[in-house]
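Please open the structure in your viewer and keep the sequence panel visible beside it. This tour proposes a series of selections and describes what is found at each.

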Amino acid sequence: MPSAETTRTGVQEPEPVRPTKEDEVAARGSELIGGPIGRRALFGTSWWTPVRIVALVAIGMFALGMVQKLPCYDSGWFFGASSQYTHACYSDIPHLYQGRGFADGLVPYFDKLSGDMDYLEYPVLTGVFMEVASWFTPGSGTIQDREQIYWMVNAGMLMVCAVVIAVATVRTHRRRPWDGLLVALAPAFALTATINWDLLAVALLAVAMLMWSRGRPLAFGILIGLATAAKFYPFLILGPLLLLCWRAGKWREYGLALLGAVGSWFLVNMPVMYLAPEGWSKFYRFSQERGVDFGSVFLVISQRWNVAISADTANTWAMVLMLIACAGLTALTLTAPRRPRLAQLAFLIVAAFILTNKVYSPQYVLWLVPLAVLARPRWRDFLIWQACEVMYFLGIWMYLAYTTSGDAHKGLPTEGYQLAIVVHLLGTLYLCAVVVRDILLPERDVVRRAGDDDPSGGVLDGAPDVFVLGAAAHPPHHAAYAEEGPQVEWGAAPADGDRP
């Protein structure tokens, strides 16, 4: 970042993009707080900066999500099998406090558990997160009190992750800070934040995206490796990044990112891998052996047509479908009239993984929220997708209430739950389709219509292509420039004073 002494006095920072000016839904929603920002508004003159506002809104929404869990905190987790489902407030955290040996002081991966799960079935960094939370949980008192405290400690730690995600999203697209409100206000984000420990990996990935946007590939790689040590999916981002760096000829930067990712993942996993190999491998064995489960298209097929789908068959089909999706993304990246933005491909690859997986837990929506905001910061499309995810969130708990209430049948029958799965799948596919359209028709991309190239792309931002296929090698004029708004000169890196 240039110092005050080296900054030219005649150079001004580009004006931030105002959602209330370019987004009809945002403009209408702003009426609740006084209407759109005026054209004479002064930016940077108040304590209430976008980063601080988004951070506070994220804390407020997270707190509302905690309040939503109150019926379970008081009784639902401890009394009656179905009340935690009828109130839609289920969480893995209190149940696994005792179920995975934390209440008894067992060491994850090293100490064997009694019951069906012989070792902790989470990646190493998530296991560390769970263990640290147990250190702040009293070792005496009733098990109910201890589980409540354990959930509260985890909720506090996860709230920090939520704020980090929101702030990192704000700072990744520097000219679009208000897009971070999409993360902070996402209803599915608040509802699912304390179901499991996914926010740790999401936060690490969000900061990794920020580091790449700042031209720091090694830091990006280190954070990707740490995120993968907390959850499996973040490593997928390295695939689209390879394609983009191939098209732009940025091999050195990609090599640094890959080196950092492999190195940090190895450093975190190696001690446990060496000292407790059976416990360390439990996550990978469990993922492989796990059968068709909630939320997947395989479950709809299995239930709807009464077809038994084994774990091996589901694994094979999931792999085939994922490979087809990767092939499609490869073709899209190398033939698009304009090089896709990193956030667009990152969202698409994670969405493809979710759509083809043999299980979709409701908290998996957290993986996509910050990537969706960076890929398609349009309130209408985002809210349509979020509505679908909220419907699925309610659907799975009502279905579990139905299956655990015996003859009372309180909740949603199987057919209703299948419909909820289809709604989730269609909502995600809709957002994917809009992102693909933006790639094929760059003039429809709201980020590029504002005059930017790839603000989260780091060294890719404004870089010329060195390898393309098909018509992309000779793009028509209309594909290289936006029809409306400021024009970006494709293939020319912006000057220091013009870079957002």
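Select Asp381 and Arg380, whose side chains form a salt bridge with the closest N and O atoms 3.0 Å apart. A salt bridge here is a side-chain nitrogen of Lys or Arg within 4 Å of a carboxyl oxygen of Asp or Glu. This is a predicted model, in which local features need pLDDT of at least 70 and side-chain atom pairs count only at pLDDT 80 or more, while totals for chains, interfaces and linings use all residues. Residues are numbered from 1 along each chain as its sequence is written, and side-chain values use heavy atoms, with hydrogens and water left out.

Are Asp381 and Arg380 buried or partly exposed? Asp381 counts as buried at 0% relative accessibility, whereas Arg380 counts as partly exposed at 46%. Buried means under 20% relative accessible area, exposed means over 50%, and partly exposed lies in between (1.4 Å probe, protein chains only).

Next, select Asp438 and Arg376, which meet in a salt bridge of 2.9 Å, N to O. Asp438 lies in helix α22 (residues 414-440) and Arg376 in the loop between α20 (365-375) and α21, so the pair ties together parts that are 62 residues apart in sequence. Helices (H or I, at least four residues) and strands (E, at least two) are DSSP runs, numbered from the N terminus. Both Asp438 and Arg376 are buried.

Add Arg437 to the selection; its side chain meets that of Asp438 in a salt bridge of 3.5 Å, N to O. Arg437 is partly exposed, with a relative accessible area of 26%, while Asp438 is buried at 0%. Salt bridges with shared partners join Arg376, Arg380, Asp381, Arg437 and Asp438 into one network. The structure as a whole holds 15 salt bridges.

**Aromatic pairs**

Turn now to the rings. Rings of Phe, Tyr and Trp (its six-membered ring) pair if their centres lie within 6.5 Å; planes under 30 degrees apart count as stacked, over 60 as edge-to-face and the rest as tilted. By this rule there are 29 aromatic pairs.

Select Trp77 and Trp151, a tilted pair with 5.4 Å centre to centre and 55° between the planes. This pair links distant parts of the chain, 74 residues apart: Trp77 is in the loop between α4 (70-76) and α5 (83-86), and Trp151 is in helix α8 (residues 143-172). Trp77 is buried at 6% relative accessible area, and Trp151 is buried at 2%.

Move on to Tyr97 and Tyr150, another aromatic pair that is tilted, with 4.6 Å centre to centre and 35° between the planes. Here Tyr97 in helix α6 (residues 92-99) is linked to Tyr150 in helix α8, 53 residues apart. Tyr97 has 2% relative accessibility and counts as buried; Tyr150, at 0%, is also buried.

For a larger selection, choose Phe232, Tyr233, Phe235, Phe294, Phe353, Tyr360, Tyr364, Trp367, Tyr392, Tyr399 and Tyr417, which form one aromatic cluster.

**A pocket**

Keep Tyr364 selected and add Phe286, Arg290, Val359 and Ser361: these five are the closest to the centre of the second largest pocket among its 42 lining residues. On a 1 Å grid over the protein atoms alone, a pocket is an open set of points where a 1.4 Å probe fits, with protein on both sides within 12 Å along at least five of seven lines; lining residues have an atom within 4 Å of a point. The space in this pocket is about 1400 Å³, a volume being the space filled by probe spheres set on the grid points, which are joined across faces, edges and corners.

Which helix gives the most to the lining of the second largest pocket? It is α16, with 5 residues. The elements that each supply at least two lining residues are α6, α16 (282-289), α18 (311-335), α19 (342-356) and α21 (379-404).

**Contacts across the sequence**

Finally, select Met61 in helix α3 (residues 50-68), which counts as buried at 18% relative accessibility. Met61 and Phe189 are 128 residues apart in sequence, and their C-alpha atoms are 8.6 Å apart in space. Then select Ala463, in the loop between α23 (446-449) and α24 (477-480). Ala463 is buried, at 5% relative accessible area. Its C-alpha atom is separated by 9.7 Å from that of Arg247, 216 residues away along the chain.
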